[in-house]
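Colleague: I'm new to this one, could you walk me through it?
Modeller: Gladly, let me put it up so that we can both look.

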Amino acid sequence: MDSKSSTKTASAAAKARASSKSTRVAAWFARLARARTCRRKARSPLYTNIDLDLQRFTASLFGDSLQGGAIAIDPETGAVLALHSAPTFDPNRFIGGIPPDYWKDLTTDVRRPLYNKVIQGRYPPGSTWKLATATWALENHIATLDDVMPVPCTGGFQFGDRYFHCWEKKGHGSLTLAEAIVKSCDVYFYQLGLKIGLQRLIAGGVALAFRDKTGIDLPNESSPNFPYAIDYYNRRFGARAWNNSVVLNLAIGQGENSQTIASMARFYTALATDGEEARPEIVRQTQPARTRIFTLDSAQFMGLRRAMMGVLAAGGTAAAEAIQGVVLAGKTGTAQNTEDPVHNHSWFVGFAPADHPKIVVAVLIEFGGHGSHAARVASKIVEHYLKVAPASQIQTEG
Ligand SMILES: [Zn+2]
């Protein structure tokens with residue numbers, strides 16, 4: 001290379017560097033301008049749906065002693081009125097760097113305060129699921145609310161070489177579907193599950209969105225666990241290593257099914273309205289996101305709601321109209337705890353007022369045992385929101 005062409009090359013390189021520098025400077029200014037715009041946008045007010053009074057009250061119900069979570073949703077709009085995971089942490093202590101001791105406490109606490117139990121905890125839905133099985137059977141004309149199953153409940157049900165218990169050891173006798181919801185009879189639902197069949201029961205869970213996240217506007221929501229098809233069992237256990245008894249567990253909300261507290265609440269927004277579920281929203285939206293997941297006629301809806309109110313439609317034991325005040329409709333549940341079989345988790349999912357629901361509440365208390373524990377917490381949340389104590393005849397298990 002001669003000196004002339006070398007000078008030329010050096011000058012071209014200098015020009016290229018200058019040009020590259022000016023491009024980088026321009027890009028830096030562009031980023032700065034975008035950041036300023038973002039900061040300006042961030043200053044615009046953000047309105048949430050949280051009812052601060054209800055939020056504080058819900059947190060106070062858990063206090064320092066209860067572990068689990070609760071969510072309250074307006075079933076028409078999906079507005080999240082309260083969402084609490086217990087134990088919780090103080091987000092203000094994260095500002096400007098979290099003190100190392102506090103961080104260590106949070107990350108080593110076995111109750112997992114950094115883990116949002118409402119959207120990340122996954123629990124077997126237990127009997128709160130029976131409404132899903134019933135809804136699917138009704139929608140597909142597999143059973144009516146008046147149908148009786150062939151085997152009356154005597155405290156359990158023989159299937160193959162296994163005996164499947166009902167929670168009520170004394171048995172419930174012969175029941176209609178409506179009565180089986182009121183009494184939460186496992187033996188009825190085992191037989192309903194067999195009548196629906198495994199393939200259709202799985203298809204039902206998928207159609208009712210039990211494999212989907214709720215889409216709540218919070219980060220890190222977990223997907224529920226639910227089979228996608230019969231093939232799920234072949235892959236998990238091996239083609240010959242499972243049998244049709246899985247359908248019995250699935251029909252009563254046990255087995256290969258675990259749901260978040262938020263996903264159960266979302267399903268009940270559809271029961272509380274007209275079969276359309278509402279996406280839970282923390283931030284106020286102009287248009288609620290509603291999706292139809294099932295279609296029932298008004299008599300079926302009324303029958304389900306009466307059963308969820310603990311009112312027997314047939315037999316005249318109690319008439320819904322006779323109950324004074326606000327009526328809470330819902331279902332308790334006991335979720336088997338694989339880590340500690342003695343201390344199960346306690347569920348309640350329901351809504352009020354039963355005839356014109358304004359609030360859906362889902363509560364799960366870890367190691368809470370009996371479902372009535374969660375029902376009492378839910379009832380207080382409803383009472384605080386509606387300013388009226390709910391009158392309830394909900395039958396709880398056990
Ligand atoms: Zn029974």
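**The sheet and its helices**

Modeller: A good place to begin, bearing in mind that this is a predicted model, is helix α12, which lies across β1, β2, β7, β8 and β9 and runs at about 145° to β9.

Colleague: In what order do the strands of that open sheet come?

Modeller: The sheet has 5 strands in the order β2-β1-β9-β8-β7, and their pairing is antiparallel. The edges are taken by β2 (80-86) and β7 (329-335), each of which has a single partner strand, so one side of each is left without a neighbour in the sheet. From one strand to the next, the twist averages 5°.

Colleague: Over how many bridges do β7 and β8 pair?

Modeller: Strand β8 (residues 345-352) and β7 pair over 7 bridges in the antiparallel sense, and within β8 it is W347 that stands opposite G333. Helix α10 (residues 261-272) also packs on the sheet, where it touches β1 (68-73), β8 and β9 (359-365), and its direction makes about 150° with that of β9.

Colleague: Back to α12 for a moment: is Y385 buried or exposed?

Modeller: Y385, which is found in helix α12, is buried, because 21 other C-beta atoms lie within 10 Å and the cut-off for buried is 20 or more. Leaving aside neighbours within four places in sequence, Y385 is in contact with L54, A72, L81 and I359. As for I359, its C-alpha atom and that of Y385 are separated by 8.2 Å, although the two residues are 26 residues apart along the chain.

Colleague: And what about S372, buried, exposed or partly exposed?

Modeller: S372 is also found in helix α12, which covers residues 371-386, and it counts as partly exposed because it has 18 C-beta neighbours inside 10 Å. From C-alpha to C-alpha, S372 and W347 are 7.9 Å apart in space, while in sequence they are 25 residues apart.

Colleague: Switching topic, why is helix α6 described as largely enclosed?

Modeller: In helix α6 (residues 186-196), 9 of the 11 residues are buried, so the helix is largely enclosed by the rest of the structure. Those buried residues include Y188, F189, Y190 and L192.

Colleague: Which elements do the buried residues of α6 pack against?

Modeller: They pack against α4 (130-139), β3 (156-159), β4 (162-165), α5 (177-183), α7 (198-207) and α9 (246-251). Just after α6 comes G197, which takes a positive phi of about 90°.

How values were computed: Residues numbered from 1 in each chain as written. Predicted model: local features only at pLDDT ≥ 70, side-chain atom pairs only at ≥ 80, totals over all residues. Helix = DSSP H or I, 4+ residues; strand = E, 2+ residues; numbered from the N terminus. Buried ≥ 20, exposed ≤ 12 C-beta atoms within 10 Å, placed from the backbone. Pairing = 2+ DSSP bridges. Axes fitted to C-alpha atoms, helices over the stretch in contact; angles between N-to-C directions. Contact = placed C-beta atoms within 7 Å.
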